[in-house]
Structure formats: structure tokens, C-alpha cells
Amino acid sequence: MINPVSPFPGVTIESVPESSKQDVALAVAKARKAQTAWANTEVSHRVKILDRFHKLLIENQDELLTTIQAETGKSRFHAADEILGLAMITAHYAKIGKRALAPKRRAGALPIFTKTYVLSQPKGVIGIISPWNYPLVLSICDALPAILAGNTVVVRPDSQTPWSAIRGLNLLRQAGLPEGVITIVTGDGNTTGTALIDEVDYVCFTGSTNTGKIVAAQAGARLIGASLELGGKNPMIVCADANLETFLEVAVRGCFTSAGQLCVSIERMYIHESIYQKFLTAFVEKVKELKLGAQLGWGYDVGSLVTDTLVNRVSDAVSTAVVQGAKIETGGKLRTDIGPNVYEPTVLTGVTKDMKISTEEIFGPCCHIAPFDTEEEAIALANNTSYGLATSVWTENLGRAHRMAEAIEVGLCWINSWFLRDLRTPFGGAKGSGIGREGGVHSLEFYTELRNVCVKL
């Protein structure tokens, strides 16, 4: 059995069975048996299921919020982000699905004598390995375009957060999803995750870069495709002409949403030296105002880290940086008086580019702030990492902003904003932050094979 432990004191999480390799093989066989009939259903029928699921998400949000909080320790406000995000994604795919999957006509080699069209065919059985940090949205949102395209899916949620995925699947079944179209297996990555990759036709993985390399190697050995959404060390660059008042609010959200346990969280901020001290003072005051909590319900801004392992990782990163010469401007303490895994939102200064914390992902409520002089220096600082997921650039000079967007090595760049996403646009990272893009038709492309059909008239 798997026995998840809630980060909240006094909150228990029900155990779930642990799937064996044989269980995984049976789940994939079940999915493969269901896939032919599912692929033969009309896309309009699949869309209707998504429409009903969207409605059920809203109707059952209180139960979902409680489950997400119990498993992850995040604030209820940040848990609500998951439900809102999944509802928006569901509505988006329901809207674009029929048109995006329709056959596409092409001119053909000899337009008078031939015609050509392109079909989007399902790949078969998709394996999704989802993480603990956003357990509802990341276990279900990648499954939606997969099933919309006619695939079946086997999901392996993280062992810490199985119930968010299970309850999401239950709502899909209430919405009319046939048995076998999505199946959940539970267990650790070494056993269940590895067994899943050995059985499926395509794998979608969200997690750390180190594990992503292992997943990619295993998928490559079988010549199956893989989409990998991995780590990040995301910078925010604030130029001298930025609107400080607007930026401050966004910066606090960017650094401390879900206690920093978000793939696009800001861990580095580079502030033009002319406004550095003014920004630092104001930002630290804003961070000190954040209310911490570790209980179900509303009433606080930042919750817990999910496990004591992550607490130790954040604590070690901060203490090592201090030994190397960094300064704690605020935070830097474990608050067991609030909850066992509550770590104060932490702001560091004096971090130099040769320190480990300047380039390696923390994945917790900690950021460091440093000044820069020139545009070129800011770009060099931003690129000084093996990651390349996201960045945020703040300036009133849009010419400068566009230059920086082209020069910083990331998959996502927000100008005068953070995590402002159009679901039609591609989402994914460069360098060590992943392979592939999701969002809009890009996600459907993950899960389909293109078939070129040419007819001689």
C-alpha cells in the first residue's frame, strides 16, 4: 500500500494500493483494448464529454480544493488556481477539438490530376507520469488532448498525490468517459513509471531534469516519442524604466505562488542598479506581509512545502549560500510552530554567479536578487544556467523588451507580466527544461501521427 502523509498537521490521507509491473501491463492492455472503439467515436461525442467534465469541475470544486490542499499543503487560493486552470483548458480543447482534428486538404503534386489530404491519427496508448506539485491539473490536462485525439491513457500520479488524479478521473467518468479510456496506476517512479514507459506508445513526463533524462533514454530505446516538461531556474529582469508599483505585486506572486513549487516560479531577479535598492526595500516589505498557514481552508497566503525532503533541500540551499557569502534579507527559517513543512518566504542578496544557488533549481519559497548595469549583462546573467524554461522582462521600452526576448534562451518570455498565458500558444522549455511544446494544436500534435494520403484522379 501507498500511505501519503499530508503536510498539514492532523490531516490524514487515505492509502491506495501500489501497482506492480504486472498491474501496469494489465492496465495498458485494458487501455489498448478500449482504444479501437474510442478512436472510432465521433470527435463531437468526445467534445460533449469534455463539456460535461467542465461543468462537473465547477460543481465539485470544494471537494477538489480540499483534496489538493491535503495532499500538497498549498494555500486554498493556490489550489483554486488548479481548478480554474483545468476548467479553462477543458473548455479550450472542447472548443478547438473538432476543427483541429479534421482532415487537412493540401494542393497535391499535380493539382489537376491529384489531390492530397492529411489525417491526424491517434498514436494508441499514452503514458502520463505526473508530478505532485499541481496534482489535479497536471494529471488531467495532458490526458484531455490525448483522449480528444482518440488515444487511451494510463496515468501514473506521484505517490504523494494520488487522490487528486483519482478524483479528477472519477469526474471524467461521471461525464461519460467509457471504462478503459483513462486508467490510473499508482507507485513509485522506479517501478511503476519504468514499467509504464516499457508498455505505452508515447510518454508524457513532467518532473525534474535528471529524471527526464532517464525517461528520454528509456523512451528512445523503444523508439517511442516523449514530451518532457522539466525544471527551471527562471529569471525576472527589471529595467530602470519599469513600473515599480505594478511589478512588485507580480514579483511576489511569481516567487511564492504554491510556496515556489511551480515550474515557472521566479528564483532569480536582476534589477537595474539605479532602482535596485528602492526595489529591494519595497519587495522585502511585501514578502514580510505574507501570511503563512498549514491547515485546510482559506485565510493565508503561502502554505507548506510538500515533504520534509524538500524542506531539507531548500534549507540546505539557503545555508550553503549564506556560508558562501549570501545575505538573508528576510525569511530563511523553518516554521514548525505553524506546520512541519512550512518554510518562510526567503529573499537573498549577495549571490554571485559562481554560487550553486545561482544556477541550480531550488523549487521552494526562495529567490535571490542582484543588480545589473547593461542590457547585455542582464542577458548574460539570465542565460547563465543549464535551464531554459521561462523569463519575465519589465521595461517601458518595447524595442529593448523584444531584443531581450530573442536573446534569452528560454521557451517562454513574458513582457511586463508573468505567467499570462494564451492557451492557444506553445508552452515548454529550452535547454535542460524539456522537449516539446503543449498548448492549443501543439498538444494535439503530441498525441497524433500525421498520415499523408495522395489520390491520383
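Leaving aside its neighbours within four places in sequence, M269 is in contact with ten residues that can be named in order along the chain: M236, F247, A251, C255, F279, F283, C367, H368, I369 and A370. The model in which these contacts are found is a predicted one, and what follows describes its cores, its two sheets and its cysteines.

**Nonpolar cores**

M269 belongs to the largest nonpolar core, which has 109 residues, and M269 is listed together with I182, F256, V264 and F283 among the residues with the most contacts inside that core. The largest share of this core, 10 residues, is supplied by helix 4, which spans residues 76-101. Apart from this core lies another one of 19 residues, and V185, I197, L228 and L230 are among its members.

**The seven-stranded sheet**

In what order do the strands of the open sheet of seven strands follow one another? The order is 10-11-12-9-8-14-15, and the pairing within this open sheet is mixed. Strand 10 and strand 15 stand at the edges, and because each has a single partner strand, one side of each is left without a neighbour in the sheet. From one strand to the next, the twist averages 25 degrees.

Strand 11, at residues 346-349, is covered on both faces, since T346 and L348 on one side and V347 and T349 on the other are all buried. This arrangement may be set beside a general rule: in a regular strand, side chains alternate between the two faces of the sheet. Strand 11 pairs with strand 10 (residues 327-330) in the antiparallel sense over three bridges, and T349 in strand 11 stands opposite K327. With strand 12 (residues 366-372), strand 11 pairs in the parallel sense, again over three bridges, and here V347 has C367 in strand 12 as its bridge partner. C367 is also one of the residues in contact with M269.

Helix 11, covering residues 276-288, lies across strand 9 (266-272), strand 10, strand 11 and strand 12, and runs at about 165 degrees to strand 12.

Towards the edge formed by strand 15, strand 14 (residues 390-394) and strand 15 run parallel and are joined by four bridges, with A390 standing opposite L412 in strand 15. C413 is found in strand 15, which covers residues 412-415. Is C413 buried, partly exposed or exposed? C413 counts as partly exposed, because its relative accessibility is 28%, which lies between the limits of 20% and 50%. Leaving aside neighbours within four places in sequence, C413 is in contact with T391, V393 and A405. C413 and M88 are 325 residues apart in sequence, and their C-alpha atoms are 21 Å apart in space.

**The six-stranded sheet**

A second open sheet to be described has six strands in the order 5-4-3-6-7-17, also with mixed pairing. Its edge strands are strand 5 and strand 17 (434-435), each of which pairs on one side only. Within this sheet, strand 6 (residues 202-206) and strand 7 (residues 225-229) run parallel and are joined by five bridges, and the bridge partner of T206 in strand 7 is E229. Helix 9, at residues 209-222, packs on the sheet and touches strand 6 and strand 7, its direction making about 175 degrees with that of strand 6.

T186 is found in the loop between strand 5 (182-184) and helix 8 (189-197). T186 counts as buried because its relative accessibility is 8%, and, not counting residues up to four places away in sequence, T186 touches I2, V16, P17, E18, S19, P162 and T192.

**Cysteines**

How many disulfides does a search of the whole structure find? The search finds zero disulfides. Two buried cysteines illustrate this result, and their values are set out below.

| Cysteine | Relative accessibility | Closest cysteine sulfur | Sulfur distance |
|---|---|---|---|
| C141 | 6% | C204 | 7.7 Å |
| C366 | 1% | C367 | 6.5 Å |

Why does C141 form no bond with C204? Because the two sulfur atoms are 7.7 Å from each other, they are too far apart for a bond, given that a disulfide requires cysteine sulfur atoms within 2.5 Å. The sulfur of C366 is likewise too far from that of C367 for a bond, because the distance is 6.5 Å.

Note on methods: Residues numbered from 1 in each chain as written. Predicted model: local features only at pLDDT ≥ 70, side-chain atom pairs only at ≥ 80, totals over all residues. Heavy atoms only, no water. Core = buried A, V, L, I, M, F, W, Y, C linked by side-chain atoms within 4.5 Å. Buried < 20%, exposed > 50% of the residue type's maximum accessible area, 1.4 Å probe, protein only. Helix = DSSP H or I, 4+ residues; strand = E, 2+ residues; numbered from the N terminus. Contact = heavy atoms within 4.5 Å. Pairing = 2+ DSSP bridges. Axes fitted to C-alpha atoms, helices over the stretch in contact; angles between N-to-C directions.
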